[in-house]
Amino acid sequence: MEELSIKIENCTNLDELESIRVEIFGKKGILAAEFGKLKSVPPAEKKDFAKNLNDKKSALMEIFEAKKSTLESQALEQQLKSEALDVSLYGYEQTKGAIHPVKDTMDKIIDYFVSLNFAVESGPLVENDFNNFEALNLPKNHPAREMQDTFFFADKNLLRTHTSPVQVRTMLNSDIPIRMIAPGAVFRRDYDLTHTPMFHQVEGLVVDKSGVVSFANLKAILTDFLHYMFGDVEVRFRPSFFPFTEPSTEVDISCVFCDGDGCRVCSHTGWLEVLGSGVVDSNVFKAVGYENVSGYAFGIGVERFAMLLHKIPDLRTLFEGDIRLLEQFK
Ligand code: DAH
């Protein structure tokens, strides 16, 4: 009997336990065989023999039941473990990314000028006063500095307010002819429907020997560029003022929202202003030590282009990181 209880104790799974049950408690099992011996026991000993056997049976039964419930709960635990969901696991859904409309527009602009052999230049976001203002014919206390609300650092450096300082850097570091663009971020203290403190521009500059580069070239290239960007629009050059160009011109296209008929977006003028440009002022050439040269320059607001191309009404949505905006550009 001792070995039977050990056998039960050592059992490790329910199937094995079931065969042990049949072996011990079954109709043809060990206990049944023991009870069978009762017949041949002398009558006087029958009672003790039977009691003894019954006690052993109950003791074994108790061990058996205890083992059974242990193995059952182990099996249940195992099953629960194997069926468990790991809620911390990432799902398998694959989401596709999208190029941000500002980056996409910037790339499109860059592609155009690169195809015309313009070099792509860059400069630092933190600039000095000379490159951002002084060399661009904006001397200290010049009222035109007010046109650009500037973030200054304590050491008088500043966050560049436009990409024009890259013109200065390029001219200081290379000889003519120059044919360059400078895409990048710029910063101004401004925040409303059409202004954010950080935005992007693409600067353009062409310089060659005196008389080689003219306003006519500027007009031709920008007209072609605007047709490339906006398709079949009217292009208009309007006299304006920038300290670094003379003459200066702002360039308008016929409104892409109303085809020039007049609507809320174009303030019922039928025209949208899209960029600034002009013939480089001689004071700029003087500041970088150039003589007997001529050139033209232009500055493109990338967000403005992105808004017009994609009909985005509020500039700020481009920088809020709302995934629902990006999803529309897949
Ligand atoms: N720097 C000007 C701005 O941020 C844009 C600009 C206008 C750049 C005319 C130019 C230019 O190079 O010729 O408003």
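**Reading backbone features in a predicted model**

Biologist: Pro247 sits within strand β7, which covers residues 245-254. What is the peptide bond from Glu246 to Pro247, cis or trans?

Modeller: Bear in mind that this is a predicted model, and read the bond through its omega angle. The bond joining Glu246 to Pro247 has omega near 0° and is cis, and Pro247 itself belongs to strand β7.

Biologist: Which peptide bond leading into Pro177 should I read in this way, and where does Pro177 lie?

Modeller: The bond is the one from Ile176 to Pro177, which is cis with omega near 0°. Pro177 is placed in a loop, with α7 (165-173) on one side and β4 (178-187) on the other.

Biologist: Turning to phi, what is the sign of the angle at Lys156, positive or negative?

Modeller: Read the sign together with the residue type: Lys156 is not a glycine, yet its phi is positive, at about 80°. For its setting, look to the loop between α6 (129-132) and β3 (158-159), where Lys156 is found.

Biologist: Is Lys156 buried or exposed?

Modeller: The relative accessible area of Lys156 is 63%, and since exposed means over 50%, Lys156 is therefore classed as exposed.

Biologist: What is phi at Asp259, and where does that residue lie?

Modeller: Asp259, again a residue other than glycine, has a positive phi near 60°, and its position is in the loop that runs between β7 and β8 (271-280). With a relative accessibility of 67%, Asp259 counts as exposed.

Conventions. Residues are numbered from 1 along each chain as its sequence is written. This is a predicted model: local features need pLDDT of at least 70, side-chain atom pairs count only at pLDDT 80 or more; totals for chains, interfaces and linings use all residues. Side-chain values use heavy atoms; hydrogens and water are left out. Helices (H or I, at least four residues) and strands (E, at least two) are DSSP runs, numbered from the N terminus. Buried means under 20% relative accessible area, exposed over 50%, partly exposed in between (1.4 Å probe, protein chains only).
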